[in-house]
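Hello,

Here is the structure I promised to pass on. My notes follow below it.

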Amino acid sequence: MDTLSALVGGFAIAFSVQNLQYCFIGVTLGTLIGVLPGIGSLAAVSMLLPITFYLEPTTALVMLAGVFYGAEYGGSIASILLRLPGTPSTAITCLDGHPMAKAGRAGVALFVTTVASFLGAAIGIVILMFFSPYLAAVARNFTSAEYFAIILLGLIGASTITNGSAFKALMMVVVGLLLGTVGTDLSSGAQRFTLGATTLYDGFGIVVVAMGLFGISEIIHSIRLSRSALTDQRIALRTMIPTRQDMREFPMPALRGAGIGAFIGALPGAGQTIAAFMSYAVEKKLSRRPEKFGTGAIEGITAPESSNNAASITAFIPTLTLGIPGSATMALILGALLIHGITPGPNLISNNPEMFWGLVASFWIGNIILVILNLPLINIWVRLIQLPYNYLYPGIIVLVCVGVFAVNLNVYDVVFVIFFGFAGYLLKVYGFEPAPVLLGFVLGPMLEENLRRALLVHRGDFWAIFERPISGTFMAMSALLLLWMVVSAVRSLRRGSRRT
Amino acid sequence: MLNRRNFMIASVGTAMTMAGPVSLRAQAWTDQPVIFINPFSAGSSVDVVARLIADNMTARLGSPFRVQNRTGASGAIGVEAVKNAGADGLTFLVGSSGSMGINPSRLPDLPYDAREDFVPLSHVVSFPQAVCVTPAKGITTLEELIAMARERPGELRFGSSGTGSTAHLAMELLQARAGIEMIHVPYRGGSLAIQGLIAGEIDVATEGLPSLPGQIDAGEIVPIAVTSEARSPNYPQVRAIAETIEGFDTAAWILYFAPAGTDPAIVETLSAELVTSVNDAEVKARLEEIGAVVTGRDQAASAAFHAAELEKWAEAVELATR
């Protein structure tokens, strides 16, 4: 096998003392910034980038990649124990992870998310190894029409991520969509809702919105509550053993999550957050007891965690094989290659095989290190966030502010994160959930941008989106999903009226 | 060069032992870290240039020169930060065609005036942009593209890295000069425009040369012309638009600026040091490797260049918003 012998060569490179060292540094740092709410991989990678100037390109790539996928592991720890997402893509893990922790099952939740993360990453790496050229070929043929169709499907599908009133959730999606329109309109260059403030020209950052709505708001919320004993839970290895039922409910959601994540990750511009949201929505749709979601359903943490890890690996496919970075962080990693005079493109794998396969091998090594960091050594991370509330929460607020500031070195981002924190708190008080806001915020601008571009390209012919095979299929799926939602809503209404 | 270094070391030494207005200035300029603020994110080609120069100056002059990325608001945040830093002789701007050439005519509420608030130091490099098509188009020259666009007015689609980007406005100028009409399709970033080109969504895409070699070498896209006045040394076979349309030059550029009111002595010294740095053999080779054309203009030439650029882009913005 060609691929396997290339991989063996890759391991030879990845096992060099220097690469091993930087892989370890990368994933450990990734876990750390993942655990600490506020500082995300974007900030960490941009701060590390100048250092990579002085490293071998492969070593630099191995380290930066380690930070990138390591953060996905760490992020779930804070989500489960504190209901504060370590990274935006683990925000959805709060919904079921935290209730599990409250029910005394924090150990199980941490165990399950780590295993799911590893599984997702492993499937992502296998896909990266064997199917890169094919996935790249699919992704390269995606035009705005396809992106629009797939994002629409995602938005409709994920609009059910709520436990409360569907109407309220829909309102929150709309709020998110509106927030997403702030800034310079891509098509016309006009300023929308910037109120003349230059700092809003580029709109709100996703880290700002996610950390404000989920992180800061949770802290404000908890000030009112009496001190729970939650963070004092000891996470002994013993408490991590899942029940037999947990084991039964684990494999399928994890596999589905990995599949969805691997696909979404390979599309430039989608990313881990969307992957996690979509897998959660799929599980909730497929579940025989969707009412359990939000109260500690194990599928609600396995699917998104395996999904965001798979996506964090396959995100390298468009970056390395097409030279097209899918996210801001990927663009930075690509920049690290550019500094070394390597231009990613379709010939990268054939021109720099030692780099590509060294990186792939480092993915295996890094993910195994991450499992070790997250299972036997979990208490190191848990203890980080087990300080007494009166130290921990101010500390986290400082970290969030520093992390948000570090991305752009822009003071207003700190102001905005606090603003979104209070807004999120008010929403919570009135029974609105922040998850649909984030969803609308992430997907809205992409939806609009691709729709307008598709219409521009097809000369205003909306039906062209239905005529293209791939986008047509996704549009049909969206229509079916909508129909099914209406039918099941009507059915449950009838059932409800019969009961009363 | 040796003399200059000795002078620097000597002046630091003097400043450390003596107090007085003359040595204070020397101290302020050599002892503390000098910050070049880049309003765009780390890892971009502008950033690579800024870091290469800062590293070279640090090594040559023996005092720290650093690059700080202060991003946001199409670069306005970083530019404003330099303006607000005042003439302290420590904070300078890595200006580019977007933030200091185009945006002044495009954005109404900019918190800075590109002419009044800054003094040009040196136009260090230009980045030629390449007008690209896919091999399936079957054309290899700009003339053929112009002919095709004349045959089908308003039908060909060109992609750019966004409305008001250098790539977009360069094409607006090209259309006006060549008397053709195409549809503008904006993308969120140049690499996504290239993907749109490869996917067949658009007919033409313009993007900075530094990020293109991967796709060009693989034969995925064909560069038919570069937007700089001269051909790019990396692709000598690709003709410049100027060879078809006389005087055409819409290369992106990097020009360093000092806040207005900076001590003229510092302006003069720094300008000369920037020119020395980009002409350093090793730096120059690295710059050319990433697709930059080293210009290294002195202060007067840079000021004239900047004034002309502001006018050119004002015209392009008017064409685009007409």
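**A strand in chain B and a helix in chain A**

In strand β8(B), B:Val204, B:Thr206 and B:Gly208 point one way, B:Ala205 and B:Glu207 point the other way, and all are buried. Keep in mind that this is a predicted model. The strand covers residues 204-208 of chain B, and five of its five residues are buried, so the rest of the structure largely encloses it. The two-way pattern fits a general rule: in a regular strand, side chains alternate between the two faces of the sheet.

β8(B) has these partners. Strand β5 (residues 129-133) of chain B pairs with β8(B) in the antiparallel sense, over four bridges. There, B:Val131 stands opposite B:Thr206. Strand β6 (residues 157-160) of chain B runs parallel to β8(B), joined by two bridges. B:Gly159 has B:Ala205 as its bridge partner in β8(B).

Now to chain A. Helix α1 (residues 2-14) has 13 residues, which at 1.5 Å a residue should span 18 Å; its end C-alpha atoms are 18 Å apart, so the two agree.

Which residues of α1(A) are buried? They are A:Gly10, A:Ile13 and A:Ala14. Seen down the axis of α1(A), the buried residues fall within an arc of 90°, so they line one face of the helix. The general background is that an α-helix has 3.6 residues a turn, so residues three or four places apart point the same way. The buried residues of α1(A) pack against α2 (17-35), α4 (57-82) and α16 (353-374) of chain A. On the other side of α1(A), A:Leu4, A:Ser5 and A:Val8 are exposed.

Best wishes

Note on methods. Residues numbered from 1 in each chain as written. Chains lettered and ligands numbered in written order. Predicted model: local features only at pLDDT ≥ 70, side-chain atom pairs only at ≥ 80, totals over all residues. Expected span 1.5 Å × (residues − 1). Buried ≥ 20, exposed ≤ 12 C-beta atoms within 10 Å, placed from the backbone. Arc of directions from axis to C-beta. Contact = placed C-beta atoms within 7 Å. Pairing = 2+ DSSP bridges.
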